[in-house]
Amino acid sequence: MKKLWLCMIAGLLPLQAMALTGEEVMRKSQAAFLYPGKDFKARVVMKLIGRDAQERVRELTMLRKNAGGPGGEQKYFMYFFQPADVKDMTFMINKYPARDDDRWMFIPAINMVKRIAAQDKRSSFVGSDFTYEDVSGRDIEDDGHAIEREERLGARDCYVVKSTPRAGDADFGHKLTWVDKANFLPLKEEQYDRRGAIYKLFTADEVADVKGIPTVVRRTMKNLQSGHRTEVTYSRSDYDLGIEDSLFSERFLRQPPRKWVD
Amino acid sequence: MLAAAPAAAALAVSGFLQQNTAFNASGANPDGRHYKWLEERAQLKLDATSGNWRGYLKADGAYDHLGRGGLTEVREAFVDYSGGAFDLRAGRQVITWGHGDLVFVNDLFAKDHEALFAGRPLEYLKRGVDAIKLGAYPKLASFEFVLAPSFRESRIPDARRFWLFDPMPAVTNRETVRPGQGEWGLRAYRDVAGYEAALYLYRGFQHTPSMRPDNLAAPTRITFFYPELSVLGASLSGRAGSGVLSLEAAYYDSRQDRSGTDFTVPNSQTRLLAGYQLQPWEDFNLSLQYYAERMHDYAAYRAALPPGFPLEKRWNHSVGARATQLFLHQTLRFSVYASRNASNSDYFVNPELRYSFSDRVWGALGANAFGGKPWGQFGQLARDDNVYMQLRYEF
C-alpha cells in the first residue's frame, strides 16, 4: 500500500513541476501572439466607432520582422491607405525590450522623414483604442503575473492571468488575460484602472490558421468608460515571406516597395 | 512562365477639392484688398506602378479671386526606377532634407514663403524642383544626388498682398535676372551608433533674390538677382533622454562675394540649429529649437553698407517652439508654432485648429501674426497679420 502511495506521489511530482507559472504563460502568449514566424504581413483595417456610431476607418499594411526570439527586438513597417489625408504615409517602429521604441514617420505631402519622440508606449495608436503596446506588446518584466484561475471561455480552456505593473506610476491597476491553453493566444483581456474598475476590454473575435500558425485575424478593443471601440480586421495575413532587413530604412520609408505594401 | 509575365500595372487616382481663405487682421493690403488668399482649388493625383517603375503626377487647378484668376500648376510629375542598391527619380519633385521646423539649414531647394504667410496648407511651403535624383545605397552609407538642370527660385510674398520692406520704393523700374545655370545637391547619410548622421553639399544660388540698384546716389533701376551659393553642411539626430535631439550646421559660401565687400550679396555665413522634441504626455508633442546665423566677413559688410540701409548684427539668434495636442481620437489637432529672433525682435506666431469632420473632409482655422523691426524677415510683415480657413474634401 505504502509503495503504491509513493508511486502515486512520484507520478504527480513531474506534473507539478510541469505546471506553468503566470509569467511562463504570458511569455508563451507573447510568443504566440506577437512573435510567430520570422516575419509577418497583413492588410489591417481599423474601424474607430464612437458612441454615436460614427465610424472612421484606418487602413494600412503592416509588416513585422523579428530580430531575435520571442521578447526580443522587432521592426515594424506600416503603410497607410486610409484616411485620404494620410494616404501614402509610412511609419516605422524599432521596438526594443526594456527601452523606448524608435519611431519614424514619412509625410508624403512635404516629402519629409521625421523621427518622432516616443516615450509613451501606452499612448493611442493612430487615434484608436489600441495603444502602441497593444499593437506591438508590453515587456513581460514590466508586470508581475499570477494565474488567477483556469476556466473555459466559450469552447476554449483558458488560463486567466492577472498582471500587475511592477512600477507604481503605471496608468492602469492590473489586467486579466484569458490565454488559450492550446495555442496560448490571448482571447480576452480586461484592463482595470488603479481604482479597480474595468475600463478596457480586448477580445479576439476570430482566430484563423495561417501557414499552420493560429492567428488572431479579428479583434476588438472597447473603452468601457467612453463607449468608443475599435474593431480590427487582418486580411491577407502571411508569415515567413522573407522580408529583407533593408526594407526598414529611410530609403523605403520614402519609397515603399509595392510588392511589400500592396 | 510566371517570371516572364509582365508585372501587373496598378493605377491609383486620388485628389481633393479645397477652399482656402485668409482674411486680413490688421488693415488692407498694398493693393487695397482685405484678403491674403481667396481661392478654390482642385488637385488630382495619379500614381501608377509597374514592376520597378512608378509614374506619379500631382496637378492642381485653382481659381484665385484676388486678381490672379484661373491657374494650373504641376506640383509634382516624376518617373521612378528602383533597382537593387540604387534608384532614380526624374521629373518635378519635392526635396526635403534636414531637421528644422520652418527653419532651413541644409534644405536648400525652392520654397514658397508666400504660401506659409498666407495661411495655405503646409504642403504648399515646398515647391517642386525639376531634377534628376539618383539614390545609391551601398553598405557604407546612403547617397542622394540631385541635379537640377535649371534653377528654380523660391516664391516670395507678392508685394501687392504683403507689406514688404523696400529700401528704394521710388525706383519702379525693376527687372529680375534668373541664373542661366542649374543647381545640384548631395546628401550622404548613415547610422552612427544609433544616431542618424548626414553630410550635405550644395552648389547653386540663393533662392531668394538680392537687389542691386544701378546707381546708389541716384538709382533709376533695380535688378533682382540670385547670388551664387555653395553650402557644406552636416546633421545628427537621435534619441537623447526621453526625446529626440537634432543638430545641424552648415557653412554658406557666398561665392559671388567671398570678400564680403558687396553689400547687395549676402555675406558668407555659418548656420547652426539645435532642436529637441519630446512627448510629455499622450497625444502632446513639444518641439523646441534654437537657430543661429553668423556673418563671416562682418567688418567688410559694415564698411560696404551704404548709409541708410539697416545694419544686421554679426550673430543672429532665434528660438522657436511648436506645441501640438491631439484630441477626440486624434481627429482634432491644436498646434501653435512660435519663433522669436533675439537679435532683431522679429517674431512669427501661428496657432491652428484642425478638425477631421469625417475621413474625407477636414477643415483648419488658424492665424499668422508677425512683428519686429521693419526690415526683419517677419517684422516687415507686421501689417500682414491674417486669420485663415482651409476646408478640404479628399477623394
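A nonpolar core is a set of buried Ala, Val, Leu, Ile, Met, Phe, Trp, Tyr and Cys residues joined through C-beta atoms within 7 Å; a residue is buried if 20 or more other C-beta atoms, placed from the backbone, lie within 10 Å of its own. The model is predicted: local features need pLDDT of at least 70, side-chain atom pairs count only at pLDDT 80 or more, and totals for chains, interfaces and linings use all residues. Residues are numbered from 1 along each chain as its sequence is written, while chains are lettered from A and ligands numbered from 1 in the order in which they are written.

**Exercise 1.** Determine how many residues the largest nonpolar core has, and which element gives the most to this core.

*Solution.*
Step 1. The largest nonpolar core has 25 residues. Among those with the most contacts inside it are A:Val44, A:Leu60 and A:Met78.
Step 2. Strand 3 (74–82) of chain A is one of the elements that supply at least two residues; strands are DSSP runs (E, at least two residues), numbered from the N terminus.
Step 3. With 6 residues, strand 3 of chain A gives the most to this core.

**Exercise 2.** State the order of the strands in the open sheet of chain B, and explain why strand 8 and strand 11 each have one side without a neighbour.

*Solution.*
Step 1. The order is 8-12-11, with mixed pairing; two strands pair if DSSP finds at least two bridges between them.
Step 2. Strand 8 (174–177) and strand 11 (210–213) of chain B stand at the edges with a single partner strand each, so one side of each lacks a neighbour in the sheet.
Step 3. Strand 11 of chain B runs antiparallel to strand 12 (residues 222–225) of chain B, and 4 bridges join them.
Step 4. Opposite B:Met211 stands B:Phe224 in strand 12 of chain B.

Methods
A residue is buried if 20 or more other C-beta atoms lie within 10 Å of its own, exposed if 12 or fewer, and partly exposed in between; C-beta atoms are placed from the backbone.
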